[in-house]
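Visitor: Please give me a close look at one part of this model. Start with a single pairing and work outwards from there.

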Amino acid sequence: QVQLQESGPGLVKPSQTLSLTCTVSGGSITHYYYWSWIRQPPGKGLEWMGDIAHSGNTYYSPSLKSRTSISRDTSKNQFSLHLGSVTPEDTAVYFCARQVITGTFFYDYWGQGTQVTVSS
């Protein structure tokens, strides 16, 4: 059974960098799948932020690309999100998820989500 768990600070000050880590168990992040960060601001829908593929290649949402970086630590089976220059509009529940791509794509495993608030 694959499990994902987000971790990181729940409160970040404006202009700082938000950093979250997703720890994966039950499967290696270097095998076949894409690993994603997705967020949901209060009262809004889900927003895809970016992926890191099993190969290590990264893909970002065009609207967030200038502020976003996704990295991984294969020795710990973790991947991380770094979002710079945050504002209160970045307040959201942040999820990590595993993405399956087979002609189409879908997310089959999700973390429970972690609330991040941007406030001074």
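**A strand and its surroundings**

Guide: Thr-23 stands opposite Gln-78, a residue of strand β8. That is our starting point. Keep in mind that this is a predicted model.

Now step back to the strands themselves. β3 and β8 run antiparallel, and 6 bridges pair them. β3 covers residues 18-25. β8 covers residues 78-83. β3 also pairs with strand β1, which spans residues 3-7. That pairing is antiparallel too, with 5 bridges. Here Ser-7 stands opposite Thr-21 of β3.

Stay with Thr-21 for a moment. Thr-21 sits in strand β3. Which residues does Thr-21 touch, leaving aside those up to four places away in sequence? The list is Gln-5, Glu-6, Ser-7, Trp-37, Gln-78, Phe-79 and Ser-80. Look for Ser-7 in that list. You met Ser-7 a moment ago, opposite Thr-21. Gln-78 is in the list as well, and Gln-78 stands opposite Thr-23. With Ser-80, the side chain of Thr-21 makes a polar contact of 3.1 Å.

Next comes Cys-22. How many disulfides does a search of the whole structure find? The search finds 1. A disulfide is a covalent bond between the sulfur atoms of two cysteines. In this model, the bond joins Cys-22 to Cys-96, with the sulfur atoms 2.1 Å apart. The pair links distant parts of the chain. Cys-22 is in β3, while Cys-96 is in strand β9, 74 residues apart. The torsion about the S-S bond is about 65°, so the disulfide is right-handed. Are its ends buried or exposed? Cys-22 has 0% relative accessibility, so Cys-22 counts as buried. Cys-96 also has 0% relative accessibility and is buried too.

Follow Cys-96 into its own strand. β9 runs from residue 92 to residue 102. β9 pairs with β10, residues 104-110, in the antiparallel sense over 6 bridges. Arg-98 stands opposite Tyr-109 in β10. The hairpin of β9 and β10 has 1 residue between the strands. In this hairpin, Gly-103 takes a positive phi near 85°.

Now for the nonpolar core. The largest one has 24 residues. Leu-4, Leu-18, Val-24, Trp-37, Phe-79, Leu-81 and Tyr-94 have the most contacts inside this core. Several strands feed it: β3, β4, β5, β8, β9 and β11 each supply at least two residues. β3 gives the largest share, 4 residues.

Take Leu-81 as one of the well-connected members. Leaving aside residues up to four places away in sequence, Leu-81 touches Leu-18, Ser-19 and Leu-20, among others. Its contacts also include Trp-37, Met-49 and Tyr-94. Thr-68, Ser-69 and Ile-70 touch Leu-81 too. Trp-37 turns up again here, having already appeared among the contacts of Thr-21.

Last, look at the charged side chains. How many salt bridges does a search of the whole structure find? The search finds 4. In one of them, Arg-39 meets Glu-47, with N and O 2.7 Å apart. Arg-39 is buried, because its relative accessibility is 5%. Glu-47 reaches 23% and therefore counts as partly exposed.

Arg-39 has another partner, Asp-90, with the closest N and O atoms 2.8 Å apart. This pair links distant parts of the chain. Asp-90 lies in the loop between β8 and β9, and Arg-39 lies in strand β4, 51 residues apart. Asp-90 is buried, with a relative accessible area of 2%.

Asp-90 also forms a salt bridge with Arg-67, at 2.9 Å from N to O. Arg-67 lies in the loop between β6 and β7, so this pair ties together parts that are 23 residues apart in sequence. At 24% relative accessibility, Arg-67 counts as partly exposed. Put these bridges together. They share partners, and they join Arg-39, Glu-47, Arg-67 and Asp-90 into one network.

Methods
Residues numbered from 1 in each chain as written. Predicted model: local features only at pLDDT ≥ 70, side-chain atom pairs only at ≥ 80, totals over all residues. Heavy atoms only, no water. Pairing = 2+ DSSP bridges. Disulfide = S-S within 2.5 Å. Buried < 20%, exposed > 50% of the residue type's maximum accessible area, 1.4 Å probe, protein only. Polar contact = N/O pair within 3.5 Å; in protein donor to acceptor, adjacent residues only side chain to side chain. Contact = heavy atoms within 4.5 Å. Core = buried A, V, L, I, M, F, W, Y, C linked by side-chain atoms within 4.5 Å.
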